[in-house]
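Please open the structure in your viewer and keep the selection tool at hand. The stops below proceed from one selection to the next.

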Amino acid sequence: MAAKPIASPIPVLMYPTLSVFTLAIGLVITAIFFIYEATSSRKNCSLGKELATATGFGSLFLLLASGVYV
Amino acid sequence: MKQSSVVDLLLLLLAIAVLASPAFSDLVLSKVERRIDVTSQIARVTKTLKVVNSGSESVSEFTLTFPKFLGNNLAYLSVAHSEGKGKSKRNLVNLSVEATNPKGIPDSISVYSVALPKALNKGDTLTLEVVAAFTNVLQPFPEKISQGDIHLVMLQESAQYLSPYAVESQSLSIKLPNARIESYTNLDNTKLQGSEIKYGPYKNLPQYSYSPIVVHFESKAAFAVAEKLVREIEVSHWGNVQVTEHYNIVHRGAQLKGEFSRLDFQGRPPSGVSAFRHLLARLPPRAHSIYYRDDIGNISTSQMQSDSKKTELLIEPRFPLFGGWRTFFTIGYGLPLSDFLFASEGKRFLNISFGSPMIDLVTEKLIVQVVLPEGSKDISVTTPFAVKQSQEIKYSHLDIVGRPVVVLEKNNVVPDHNQHIQVYYKFSNINLLSEPLMLISGFFVLFITCIIYTRSDFSISKSSATYLAKLQWDEVLATLQEVQNIIQKCLALHDKLEASLRDLSRTGDFQTCKAARKSTDSLLKDLSKELKPLMAFLQTSPSASQISPKVEELIAKEKELQEKLMAKHTTVVEGYEKKSSGRDIENRIASQQQKITALRQEIEDLLEFIDEI
């Protein structure tokens with residue numbers, strides 16, 4: 001009955017790095033989205049999903065890196 | 001108060017001696033060694049008992065007794081028996097102990113029954129090691145002291161081991177702290193060696209033999225007692241176990257009477273030896289983000305030293321604690337997950353220490369809350385001692401249904417209780433994904449709202465810009481529609497011309513052809529007149545700025561087509577008049593025909609484009 005230790009799925013040491021990268025990508029895509037929104041007048045639903053994902057993961061890693069450990 | 005319990009017991013013993021006490025299974029204790037350690041605020045008694053079965057039946061349980069005033073304060077009891085013979089035996093196996101109340105035992109004795117691992121047969125011997133920790137038995141005497149006095153406490157015990165079995169030989173040694181010894185009871189066979197008092201050995205004592213002793217000495221230990229300790233252990237599968245401890249500490253030694261003088265406290269020599277300033281906590285290694293604060297804010301008087309086996313935290317409350325004084329604070333630290341969470345047989349379990357990490361701290365009421373991540377099921381707890389369990393729900397970051405909390409409560413906890421407990425539960429890693437999904441859906445909803453907002457018109461008044469723009473756009477569309485209709489009519493007329501040409505080639509009647517051309521010409525002129533105002537409107541309206549060049553193009557092309565068709569018609573009719581051959585006519589109009597078809601195609605395209613708007 002060997003008990004093997006459980007660790008987090010992503011190495012904890014990389015949390016700050018990951019949060020910087022994903023947040024950067026998310027913010028860039030958000031900026032693109034808003035600019036596109038202001039200048040065109042067509043349906044762009046799939047773009048919305050894409051950038052929501054990026055910003056979502058970016059903010060999660062930001063929270064974890066700062067010690068909130070949700 | 002101090003003498004009454006002793007007197008009670010003496011009377012009781014007389015009563016027992018008078019009444020015939022029941023033969024308590026014929027075990028005989030051949031050798032009893034007792035060591036009492038009172039260097040800290042807890043009295044720790046270690047007994048080594050050699051049990052011999054001198055009766056005829058085999059016995060499977062052993063009765064352990066304490067006088068009631070000790071038994072009420074018993075915090076921790078463990079009984080082990082060493083296996084193997086000779087000096088190399090260090091294999092202690094813990095035996096299960098229960099508090100019982102058998103008949104025939106008087107009320108002022110508390111009884112514990114130990115289940116022996118295998119029945120003790122006639123003539124066999126067994127060695128038992130008993131460790132018992134008592135709180136509140138070191139009574140401060142005098143009970144109120146002033147700042148400059150030393151802290152004297154009193155211990156009452158029995159020089160002879162109180163037991164329901166006969167004892168052949170026994171000895172007692174009390175280890176006192178390295179300080180002043182005020183007085184101690186002097187029975188026969190008493191020796192004082194340094195700071196240890198030895199009583200015994202006493203031989204051949206009957207059952208329930210008891211001779212009270214009192215030792216009065218100075219204690220330098222910190223009598224720190226946590227009245228209430230709430231320990232919250234929060235497990236997060238993203239890699240962290242966060243422990244938060246809320247302490248309410250009181251000094252339970254002799255109370256301070258009179259005033260506290262800071263000048264004396266810090267003078268040379270400093271007075272106030274009964275107070276304590278520091279508390280030492282031993283945290284697991286690799287503890288990080290340690291904080292020490294209370295309701296006012298952060299407390300900066302603390303030091304931390306860490307190595308690979310432990311992390312030592314030395315904290316100093318905001319003021320020194322004298323007898324009767326109390327303070328409260330919070331300590332928190334984070335621990336890496338892989339040191340404490342393990343997987344075995346499909347379940348996960350958390351292996352973490354139960355009590356407070358502070359050394360030498362007695363907790364009167366300990367509440368441990370283990371907060372497991374959302375979505376944990378089948379929760380069960382294994383503890384090496386009895387605790388009271390219950391379950392709650394806690395709502396924390398990114399929670400939908402809340403996190404399950406296992407609440408364990410225990411009273412009268414001593415550092416001997418600081419063993420590991422295990423909390424078992426089931427959790428699938430998919431649930432970890434629900435948290436980023438929640439964040440993602442939050443952002444998604446935000447962006448969808450933005451999209452909807454920019455597309456919807458919330459204006460109420462009729463003179464707002466969007467409403468006017470809408471009206472104009474409608475007008476433009478209507479105009480476009482009319483232009484389209486006219487162009488279609490023109491095209492229909494073109495088709496009529498073509499038809500008349502075909503009639504001509506069939507019948508040769510060019511007069512009717514000419515007449516058809518004339519009528520078509522006049523109709524086309526009318527239509528172009530109608531087009532003019534529409535075109536003017538489109539050019540002036542601002543919202544049609546993108547479309548009007550296209551419409552202009554369309555009209556221009558149509559005109560061109562008209563002219564070409566007319567030219568072709570004229571040529572064909574002339575050819576027929578002059579009676580030239582069909583081939584000549586074909587050649588002449590070949591190039592024109594090409595242009596006509598090309599123009600027609602372009603017009604169709606433009607019409608389609610306008611249709612789509």
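A salt bridge is taken here as a side-chain nitrogen of Lys or Arg within 4 Å of a carboxyl oxygen of Asp or Glu. By that criterion, a search of the whole structure gives 23 salt bridges over all chains. This is a predicted model, in which local features need pLDDT of at least 70 and side-chain atom pairs count only at pLDDT 80 or more, while totals for chains, interfaces and linings use all residues. Residues are numbered from 1 along each chain as its sequence is written, chains are lettered from A and ligands numbered from 1 in the order in which they are written, and side-chain values use heavy atoms, with hydrogens and water left out.

**Confidence.** The model has an ipTM of 0.73 and a pTM of 0.69. Colour chain B by pLDDT, the predictor's confidence in each residue from 0 to 100. Its mean is 81, and 88% of the residues of chain B reach 70 or more. Now select residues 17-23 of chain B, where pLDDT is below 50; beyond near neighbours in sequence, this stretch has 4 contacts in the model (contact: heavy atoms within 4.5 Å). Where pLDDT is low, the predicted coordinates should not be read in detail.

**The sheet.** Next, display the strands of chain B (DSSP runs of E, at least two residues, numbered from the N terminus). An open sheet of 7 strands with mixed pairing runs in the order β21-β24-β18-β17-β27-β30-β29; strands pair if DSSP finds at least two bridges between them. At the edges stand β21 (288-293) and β29 (388-394) of chain B, each with a single partner strand, so one side of each has no neighbour in the sheet. From one strand to the next, the twist averages 15 degrees. (Axes are lines fitted to C-alpha atoms, and angles run from 0 to 180 degrees between N-to-C directions.)

**Arg231(B).** Select β17 (residues 224-236) and β27 (residues 362-371) of chain B, which pair in the parallel sense over 8 bridges. Within β27(B), Val368(B) is the bridge partner of Arg231(B). What forms a salt bridge with Arg231(B)? The partner is Glu245(B), with the closest N and O atoms 2.9 Å apart. Arg231(B) lies in β17 and Glu245(B) in β18 (residues 240-251) of chain B, so the pair ties together parts 14 residues apart in sequence. Both Arg231(B) and Glu245(B) are buried (under 20% relative accessible area; exposed is over 50%, partly exposed in between; 1.4 Å probe, protein chains only).

**Loops.** Finally, select Arg286(B) and Asp339(B), whose side chains meet in a salt bridge (2.9 Å, N to O). Asp339(B) is partly exposed, with a relative accessible area of 27%.

How values were computed
Helices (H or I, at least four residues) and strands (E, at least two) are DSSP runs, numbered from the N terminus.
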